[in-house]
Amino acid sequence: MPVFTYRKERGKITKIVYRPVAKVYVQSLKGEWIPFAPYIDSGADITLLPYSLGLKLGFKPTAEIVELHGVRGIGLPVEIRRVKMRIGNIELNPRVAWALIEEAPPLLGRLDIFDEFNITFKEKEGKIIFEPVE
């Protein structure tokens, strides 16, 4: 059962903030597993990969661009792809949004992922538990 921890970061409202971060792996088109440390975001509809990670995976931009809108309401150009992903020893094949700009936060979103786990956020302990659904 994968257990992740909160990462200490500099905040804008408070000087220090702890954010839930997963350590997962995504498979490149050449078959190599690349580490990915996204924020675990229960408010994100889909997992978001930064531009540079997509390039490492072997992605090349196509003309199939869609715009995602988040909290700020500003459109983010992305391409929807499928990737092989490993969370702990569980392999998944989720749809992800590959951001076509680098200034996009790495996010682990709900689509094709959250329904595979019972996820518990233990704020006081600084842990996030991903229990596979049977």
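These exercises work through contacts in a predicted model.

## Exercise 1: Aromatic pairs

Find how many aromatic pairs the structure holds, and classify the pair of Tyr-51 and Trp-98.

**Solution.**
- Step 1. A search of the whole structure gives four aromatic pairs.
- Step 2. Take Tyr-51 and Trp-98. Their ring centres are 5.4 Å apart, and 5 degrees separate the planes.
- Step 3. Planes under 30 degrees apart count as stacked. The pair of Tyr-51 and Trp-98 is therefore stacked.
- Step 4. Place the two residues. Tyr-51 belongs to helix α1 (residues 51–57) and Trp-98 to strand β11 (residues 95–99). The pair thus ties together parts that are 47 residues apart in sequence.
- Step 5. Check exposure. Tyr-51 is partly exposed, at 26% relative accessible area. Trp-98 is buried, at 0%.

## Exercise 2: Phe-117 and Phe-130

Decide how the rings of Phe-117 and Phe-130 are arranged, and where the two residues lie.

**Solution.**
- Step 1. The ring centres of Phe-117 and Phe-130 are 5.3 Å apart, with the planes at 70 degrees.
- Step 2. An angle over 60 degrees counts as edge-to-face, so Phe-117 and Phe-130 form an edge-to-face pair.
- Step 3. Phe-117 is in strand β13 (residues 117–122), and Phe-130 is in strand β14 (residues 127–132). They are 13 residues apart.
- Step 4. Both Phe-117 and Phe-130 are buried.
- Step 5. Phe-4 joins Phe-117 and Phe-130 in one aromatic cluster.

## Exercise 3: Strand β14 and its partners

Describe how β14 pairs with β1 and with β13.

**Solution.**
- Step 1. Start with strand β1 (residues 3–10). It pairs with β14 in the antiparallel sense, over three bridges.
- Step 2. Turn to β13. Six bridges join β13 to β14, and these strands run antiparallel.
- Step 3. Look at Ile-129 in β14. Ile-129 is the bridge partner of Val-3. Ile-129 is also the bridge partner of Thr-120.
- Step 4. Inspect the hairpin of β13 and β14. Four residues lie between the strands, and Gly-126 takes a positive phi near 70 degrees.

## Exercise 4: Arg-81

List what Arg-81 meets, starting from its charged end.

**Solution.**
- Step 1. Arg-81 is in strand β8 (residues 75–82).
- Step 2. Its charged end sits over the ring of Phe-59, 4.6 Å from the ring centre.
- Step 3. The side chains of Arg-81 and Glu-79 form a salt bridge (2.6 Å, N to O).
- Step 4. Glu-79 is buried, with a relative accessible area of 1%.
- Step 5. Beyond four places in sequence, Arg-81 has further contacts, including Lys-60, Pro-61, Pro-94 and Trp-98.

## Exercise 5: Salt bridges

Count the salt bridges, then compare the settings of Glu-9 with Arg-19 and Arg-110 with Asp-45.

**Solution.**
- Step 1. The count comes to six salt bridges.
- Step 2. Glu-9 and Arg-19 meet at 2.4 Å, N to O. Glu-9 is in strand β1 and Arg-19 in strand β2 (residues 16–20), so this bridge ties together parts 10 residues apart in sequence.
- Step 3. Glu-9 is buried at 16% relative accessible area, whereas Arg-19 is partly exposed at 30%.
- Step 4. Arg-110 and Asp-45 meet at 3.1 Å, N to O. Arg-110 lies in the loop between β12 and β13, and Asp-45 in the loop between β5 (39–40) and β6, so parts 65 residues apart in sequence are tied together.
- Step 5. Arg-110 is partly exposed at 35%. Asp-45 is exposed at 55%.
- Step 6. Salt bridges with shared partners join Arg-7, Glu-9 and Arg-19 into one network.

## Exercise 6: Thr-47 and Phe-114

Determine whether Thr-47 and Phe-114 are buried or exposed, and name some of their contacts.

**Solution.**
- Step 1. Thr-47 is in strand β6 (residues 47–49). At 0% relative accessibility, Thr-47 is buried.
- Step 2. The side chain of Thr-47 reaches the backbone nitrogen of Gly-109 at 3.0 Å. Thr-47 also touches other residues, among them Phe-36, Met-85 and Ile-113.
- Step 3. Phe-114 lies in the loop between β12 (107–108) and β13. Its relative accessible area is 15%. Buried means under 20%, so Phe-114 is buried.
- Step 4. Phe-114 touches several residues, including Ile-40, Leu-108 and Gly-109.
- Step 5. Phe-114 and Ile-40 are 74 residues apart in sequence, yet 10 Å apart in space, C-alpha to C-alpha.

How values were computed: Residues numbered from 1 in each chain as written. Predicted model: local features only at pLDDT ≥ 70, side-chain atom pairs only at ≥ 80, totals over all residues. Heavy atoms only, no water. Phe/Tyr/Trp six-rings, centres within 6.5 Å; stacked < 30°, edge-to-face > 60°. Buried < 20%, exposed > 50% of the residue type's maximum accessible area, 1.4 Å probe, protein only. Lys NZ or Arg CZ within 6 Å of the ring centre and 35° of its normal. Polar contact = N/O pair within 3.5 Å; in protein donor to acceptor, adjacent residues only side chain to side chain. Contact = heavy atoms within 4.5 Å. Pairing = 2+ DSSP bridges. Salt bridge = Lys/Arg side-chain N within 4 Å of Asp/Glu carboxyl O.
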